[in-house]
Amino acid sequence: GDYDKMECVLHKMGVAKFDLFEGASTLVSPNKLPPFSALLGDLDAMKRYNIIFINCTNNTFEDQLKNKAIRDNIIAYVQAGGRLYVTDWSYDWIEQIPELAKFIDFEPGPSGDQPEEHNAGAIGEGGLEVQATIADPKLAEWLTNFPNVVKQSGGVTTAKIEHFLAQWVIMHKLGKDVKLWVEGKVSSGLGGNVNNEVRPLTVTFNFKNCGKILFSSYHTEGRDDESPVFPKAFPDYCGKTSSPQDRILEYLIFDIANCIKPIE
């Protein structure tokens, strides 16, 4: 993707076995990568992966969502037990698939189970730094293993969350079966009606037995300091230190082993 370096978390974790597909329109890798559309069109290829990450990107392949075969492949992959981890502007890979859209109601307001227009939820105020609440006790406990990641006061664990680009995607309301991991006070930018309100920031939900979807409003690591004219190749743009966002995603990668129901 153009704007989120989720792959760098895998790299810093020491995970070596993963493949990259090109999803960017501006920060295109100087090392040629197969297009993301090539993966989406091949369900057997998708099923080779435990997790498919769809980083925040500049709407590069969203036209693929008009193709019913692509939407069916996403559903079939998750229903078979795959994990789909999505951030920020890539939220349409959840919102534009009716079977998934009902789990999360995105801004700009309530819409029930039906998908809203493309990019309608992208109204967040840019440049925010949120002292977010870690809503899950086990995640909060695990994060205390690392220095300078969380603060604890009055039984509440918080972490500083950043990398909110202008017009980031805000969640409005969660369905009853959605797991909340991180939440915080946020505001929308021009045209939005969210003003310093607590909203979900990272959530997951299970789909048809053991499939799992993750959505995170914020970026794991931003790429806004990198030149589109001379983009770097992976992993040259990855830092060496880990942010709270990195650690949260790391935990949720490990959490793929957690299955609520037995596979039927």
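1. In this predicted model, about 70 Å³ of space lies in the largest cavity, and the structure holds one cavity of 30 Å³ or more. The residues that line the largest cavity are Met6, Thr87, Thr202, Leu214, Ser216, Tyr218, Thr220, Gln245, Ile248, Leu249 and Leu252. Sorted by class, the lining of the largest cavity comprises six nonpolar and five polar residues, with no charged residue among them.

2. Which elements supply at least two residues each to the lining of the largest cavity? They are strand E10 (211–216) and H8, and the largest share, four residues, comes from H8. A reader new to the structure may therefore wish to look at helix H8 next, since ten of its eleven residues are buried and the helix is largely enclosed by the rest of the structure. The buried residues of H8 are Pro244, Gln245, Asp246, Arg247, Ile248, Leu249, Glu250, Tyr251, Leu252 and Ile253.

3. Helix H8 (residues 244–254) also packs against H1, and the axes of the two helices come within 10 Å and cross at roughly 75°. This crossing makes H1 roughly perpendicular to H8, because angles of 65 to 115 degrees are counted in that way. On the H1 side the contact involves Met6, Val9, Leu10, Lys12 and Met13, while on the H8 side it involves Asp246, Leu249, Glu250, Ile253 and Phe254. By class, this contact of H1 with H8 has seven nonpolar residues and three charged ones, but no polar residues.

4. Within helix H1 itself, the buried residues are Met6, Glu7, Cys8, Val9 and Leu10. The cover over these buried residues of H1 includes E1, strand E2 (83–87) and H8. Two of the residues named here recur elsewhere: Met6 belongs to the lining of the largest cavity, and Leu10 is listed with the residues closest to the centre of the largest pocket. Just after H1, the chain continues with Gly14, which takes a positive phi of about 90°.

5. The largest pocket should be kept apart from the cavity described above, and its volume is about 800 Å³. Of the 40 residues that line this pocket, Leu10, Phe18, Asp19, Leu20 and Phe53 are the closest to its centre. Helix H1 (6–13), helix H2 (36–40) and strand E1 (51–54) each supply at least two residues of the pocket lining. The lining of the largest pocket divides into 24 nonpolar, eight polar and eight charged residues, whereas the lining of the largest cavity has no charged residues.

6. Two peptide bonds deserve a careful look, as do two asparagines discussed in the next point. Most residues other than glycine have a negative phi, and most peptide bonds are trans. The bond from Glu107 to Pro108 is cis, with omega near 20°, and Pro108 lies in the loop between E3 and E4. The bond from Phe234 to Pro235 is likewise cis, with omega near 5°, and Pro235 is found in the loop between E10 and H8.

7. Where are the asparagines with a positive phi found? Asn59, which has a positive phi of about 60° although it is not a glycine, is found in the loop between E1 and helix H4 (68–79). Asn59 is partly exposed, with a relative accessible area of 26%. Asn119 has a positive phi of about 65°, again without being a glycine, and is found in the loop between E3 and E4. Asn119 is partly exposed as well, with a relative accessible area of 30%.

8. Is Glu117 buried or exposed? Glu117 is found in the loop between strand E3 (104–106) and strand E4 (130–134), and this residue counts as exposed because its relative accessible area of 63% is over the 50% cut-off. Leaving aside neighbours within four places in sequence, Glu117 is in contact with Tyr91 and Gln96. The C-alpha atoms of Glu117 and Asp92 are separated by 9.1 Å, and these two residues are 25 residues apart along the chain.

Methods: Residues numbered from 1 in each chain as written. Predicted model: local features only at pLDDT ≥ 70, side-chain atom pairs only at ≥ 80, totals over all residues. Heavy atoms only, no water. 1 Å grid on protein atoms, 1.4 Å probe; cavity = no way out; pocket = protein on both sides within 12 Å on 5 of 7 lines; lining within 4 Å. Points joined across faces, edges and corners; volume = space filled by probe spheres on them. Nonpolar A, V, L, I, M, F, W, Y, C, P; charged D, E, K, R; others polar. Buried < 20%, exposed > 50% of the residue type's maximum accessible area, 1.4 Å probe, protein only. Contact = heavy atoms within 4.5 Å. Axes fitted to C-alpha atoms, helices over the stretch in contact; angles between N-to-C directions. Parallel < 35°, antiparallel > 145°, perpendicular 65-115°, else oblique.
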